[in-house]
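Subject: Structure handover

Dear colleague,

As agreed, I am passing on the structure for your files. My notes come after it.

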Amino acid sequence: MLRARGGWWWRGLRRCASLPRALRVREALQAPEPVEQVKVQVCGGGVAVCLGWVRSVRSQKEVLFLHINDGSSLESLQIVADPSLENRDLTFGSAVEVQGKLVKSPHKMQNMELKAETIRVVGPCNALLFPLKMKERHPLEYVRQFPHLRCRNNTLGSLLRIRSEATASIHSFFQDKGYVHIHTPIITSNDCEGAGELFQIGVANEAKESAEKTHFFNVPAFLTVSGQLHLEVMAGAFTRVFTFGPTFRAENSQSRRHLAEFYMVEAELSFTESLQDIMQVMEDLFKTVTSTVLSKCPHDVELFHKHIAPGQKGRLEQMLKKRFVIISYSKAVEILKQASQAFTFKPEWGCDLQTEHEKYLVKHCGEVPVFVINYPYDLKPFYMRDNEDGPQHTVAAVDLLVPGVGELCGGSLREERLPFLESRLQRLGLADTYQWYLDLRKFGSVPHGGFGMGFERYLQYILGVDNIKDVIPFPRFSHSCLL
């Protein structure tokens, strides 16, 4: 029952209704006309509000210039003030509240600027001790040392806005096509990839000397390496499903290609018997999200393409106009064997493609993304569909290779035929473990398939970043570097 109009509920509602609408720096820069009485920062009485931190301070005899940024854009808002408003706490990195008039800027490089009437330092910052310095372009290697502060750096700020836009675009892509978003478990007893490189879950305060050690869930539990098997469950009811969440690999590697924690986009499609259908979704997803990021984050993307990967923008734009190449695994091995390049790992049919092989294949095909299909039966997990071919036995699997990175996506048709799946699981000694998975083939099984795409590898490719650890919000460069 609602409270009386004079009670706390009614008063709270009136306060909420009267709160000023936030004016972000991005909005201020794009304002079509001047606005009087604008506040930049925390709160204000009946005026627009925008959060901001000082990015630069320049004091002259007759005027004080500040640049304020609130993370909503790469570009900062210029503040023009009387020198009398300057104080010792007004430094690079400090949080400020500025009130004044938003006016047209006389400078060609900016649309609007704020003529300040009052400036209040909300949170001071000791510029001498602050690791990031004003107007200094810090290398990525330097800012990695400060995982708690590096988001205030321009490069990482741009990265995080791009991540946000790409995430929204991925969700929009699937939802516009009728996919149902599924939250798959993070804690699971399944090893989808069969690699055995899992983080096992344990209770922190469990007595180590316990003689009869029991599992919290009564069975061994792990951090997920993939949501695919859970998606297959849902694909038996919704025909098109996807998930986008964290996955974990216990690979003890500090290389530029590996992450212990990363995000994976995964999708499953029911009632499809064609690997081409899976590849078409992969290609459409890649092109749609990339086009969206380029159009909605032009300045942020330009920062990477100008200072980190010159020429990448042009390559991406050309790639978006072309169809991806499709070759078989057998053809790929032939190409590699005929290559004049010396490989560390000798290419042989039946062996997995290494990163050096993947990069060469992309280069050989004209620096266009390449689908490699129909991999050897013994190379791939039990759930991939048997092609029933010979003499070289293959499964209906596909990997998408992209320039400079190698494998970006992996997928397959799933084995929907119960006898084939039972036979393979029995040979692997997994029939009891995956009895529930066999049940999916007993009750209304249909041809289906799906794929997964590593989100960080995708960002690494479109931005031209060499080290994958530079495209995550919080880097983990050593086992002791955890926040």
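Below is what was found, starting with the cores and ending with the backbone.

This is a predicted model, in which local features need pLDDT of at least 70 and side-chain atom pairs count only at pLDDT 80 or more, while totals for chains, interfaces and linings use all residues. Residues are numbered from 1 along each chain as its sequence is written, and side-chain values use heavy atoms, with hydrogens and water left out.

The largest nonpolar core (buried Ala, Val, Leu, Ile, Met, Phe, Trp, Tyr and Cys residues joined through side-chain atoms within 4.5 Å; buried means under 20% relative accessible area, exposed over 50%, partly exposed in between, with a 1.4 Å probe and protein chains only) has 65 residues. Its members I170, F174, L285 and Y458 touch the most other members. Helix α6 (residues 275-296) supplies the largest share of this core, 10 residues; helices (H or I, at least four residues) and strands (E, at least two) are DSSP runs, numbered from the N terminus. Another core, of 30 residues, lies apart from it and includes L229, L353, L361 and L438.

Leaving out residues up to four places away in sequence, L285 touches I170, F173, F174, V265, F451 and M453 (contact: heavy atoms within 4.5 Å).

On the backbone, the peptide bond from G390 to P391 is cis, with omega near 0°. P391 is in the loop between β13 (370-376) and β14 (394-402).

K135, not a glycine, has a positive phi of about 60°. K135 sits in the loop between β6 (112-123) and α3 (140-143) and is exposed, at 70% relative accessible area. F271, also not a glycine, has a positive phi of about 60°. This residue, F271, lies in the loop between β11 (261-270) and α6 and is exposed at 61% relative accessibility.

Regards
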